[in-house]
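Welcome! Take a moment to look over the chain below before reading on. This briefing then walks through some of its features, topic by topic.

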Amino acid sequence: MTALPEKMRAIVASPGTPLRVEQIDRAIAGPGQVLIKVAYAGINRPDLIQRMGAYPPPKGAPDTMGLECSGEIVAIGPDVSLWKLGDKVCALLPGGGYADYAWADEGSCMAIPDGLSMLEAAALPETVLTVWANVFERAALQPGEAFLVHGGASGIGTTAIQMAKAHGAKVFATAGGPEKAGLCAKLGADVAIDYRAQSFSEIIKADGGVDVVLDMVGGPYVQQNLDCLKMDGRCVQIAFLQGPQVELNLMAMMLKRLTLTGSTLRARPVAEKARLARAVEAHVWPWVTKGLVRPVVDSVFDLEEAEAAQAKMQANTHAGKIMLKVSD
């Protein structure tokens, strides 16, 4: 293997200015970490929030953005036992994915499922681990239950639809506009709702309600989610695109024994992320290799085009994942 450079390209953000490529010191793998030569990196909405200063990296994480990538392991830190040089992996990162090299905790790396390209693999970690942790563990979705995901055409949404369907759930999904709703139906949603033209709560209540809701919208959706839930229903909040402060009538929670919960992924302990990654490899990767769950890639930008990639996400015109190509 060739010697590693001392410097690397990375996307750097400064308040009020466009993203830019700079040469910075190459990332280094510490104890329990591996160094990945990045092939592709995923764009995620938390990157935009971090750029605005509202989602600071956890202690010890890189200051630069990028929460997932695919690539080849080119260096190994002390005390690493799961991987070897040359292994091809996709990884959940604490940051730093918008760069030629990124370090990852060894437990947060996952083998690339058979049949997937580097591009497809890079689109998986953030979305699949988020859905597994929240829908399957926190909300304990069961086969035969009814499941609702908002933002069904987003990276999280397209993944959640497929995973819930593979698990044997009845799937409802909301999306903005007939084209995005059509994508949700194509991916397996039994009921795809264009929220711009229809009331999701009226449609779902008329159908008998749902057992689990995954919501990233917040705001007025929170009350409607509670209203849609069946007895012993569970609603998991993972973002608040319409704001975190809401006024609720909680009587339904009491009468229907509902659970309203939420979580984040980035700040979880290293050991917890490793546990989630092993669970995903055991339970979700078989769905991927069978073709039941596949990443939906909206568009691919070169690393130097990170500003345009984030602008597309900010405009909410995408369906599926927006990706950065870092190397061949």
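W132 and F136 sit 4 residues apart in helix 3, so about one helical turn separates them. Keep in mind that you are looking at a predicted model. With that pair as a starting point, here is a tour of the rings, the sheet, the pockets and a few individual residues.

**Aromatic pairs**

- Let's begin with the ring count: the whole structure contains 3 aromatic pairs.
- The rings of W132 and F136 are stacked, with 5.0 Å from centre to centre and 10° between the planes.
- Are these two residues buried or exposed? Both W132 and F136 are buried.
- A second pair, F200 with Y221, is tilted: the centres are 4.9 Å apart and the planes meet at 45°.
- F200 belongs to helix 6 (residues 200-206) and Y221 to helix 7 (residues 221-228), so this pair ties together parts that lie 21 residues apart in sequence.
- F200 counts as buried because its relative accessibility is 3%, and buried means under 20%.
- Y221 is buried as well, with a relative accessible area of 10%.
- W132 and F136 also belong to a cluster: ring pairs link them with W287.

**The sheet**

- Six is the number to look for here: an open sheet of 6 strands runs in the order 10-9-8-11-12-13, and its pairing is parallel.
- Which strands form the edges? They are strand 10 (191-194) and strand 13 (259-262), and each of them pairs on one side only.
- From one strand to the next, the twist averages 15°.
- In general, the strands of a sheet pair through backbone hydrogen bonds, in either a parallel or an antiparallel way.
- Strand 9 and strand 10 run parallel and are joined by 4 bridges.
- If you would like to find a bridge yourself, try F172, whose partner in strand 10 is V191.

**The largest pocket**

- How much volume does the largest pocket have? The value is about 970 Å³.
- The largest pocket is lined by 40 residues, and the closest to its centre are R45, I156, M216, A239 and L241.
- Helix 1 (45-51), helix 3 (125-138), helix 4 (155-166) and strand 9 (170-175) each supply at least two residues of this lining.
- Helix 3 gives the most to the lining, with 4 residues.
- Sorted by class, the lining has 18 nonpolar, 17 polar and 5 charged residues.

**The second largest pocket**

- The second largest pocket holds about 190 Å³ of space.
- Of the 14 residues that line the second largest pocket, A13, Q50, R51, D63 and M65 are the closest to its centre.
- Strand 1 (7-12) and helix 1 each supply at least two residues of the lining of this pocket.
- The lining of the second largest pocket divides into 8 nonpolar, 4 polar and 2 charged residues.

**Residues with a positive phi**

- D232 is not a glycine, yet its phi is positive, at about 65°.
- You can find D232 in strand 12 (residues 229-237).
- With 36% relative accessibility, D232 counts as partly exposed, because that class covers values from 20% to 50%.
- N316 is another residue other than glycine with a positive phi, near 60°.
- Where is N316 found? Look in the loop between helix 11 (306-315) and strand 15 (321-325).
- N316 has a relative accessibility of 36%, so it counts as partly exposed.

**A contact to look up: R294 and L187**

- R294 has its place in the loop between helix 10 (285-289) and strand 14 (297-302).
- At 27% relative accessibility, R294 counts as partly exposed.
- R294 and L187 are 107 residues apart along the chain, and their C-alpha atoms are separated by 9.3 Å.

Key: Residues numbered from 1 in each chain as written. Predicted model: local features only at pLDDT ≥ 70, side-chain atom pairs only at ≥ 80, totals over all residues. Heavy atoms only, no water. 1 Å grid on protein atoms, 1.4 Å probe; cavity = no way out; pocket = protein on both sides within 12 Å on 5 of 7 lines; lining within 4 Å. Points joined across faces, edges and corners; volume = space filled by probe spheres on them. Nonpolar A, V, L, I, M, F, W, Y, C, P; charged D, E, K, R; others polar. Phe/Tyr/Trp six-rings, centres within 6.5 Å; stacked < 30°, edge-to-face > 60°. Buried < 20%, exposed > 50% of the residue type's maximum accessible area, 1.4 Å probe, protein only. Pairing = 2+ DSSP bridges. Axes fitted to C-alpha atoms, helices over the stretch in contact; angles between N-to-C directions.
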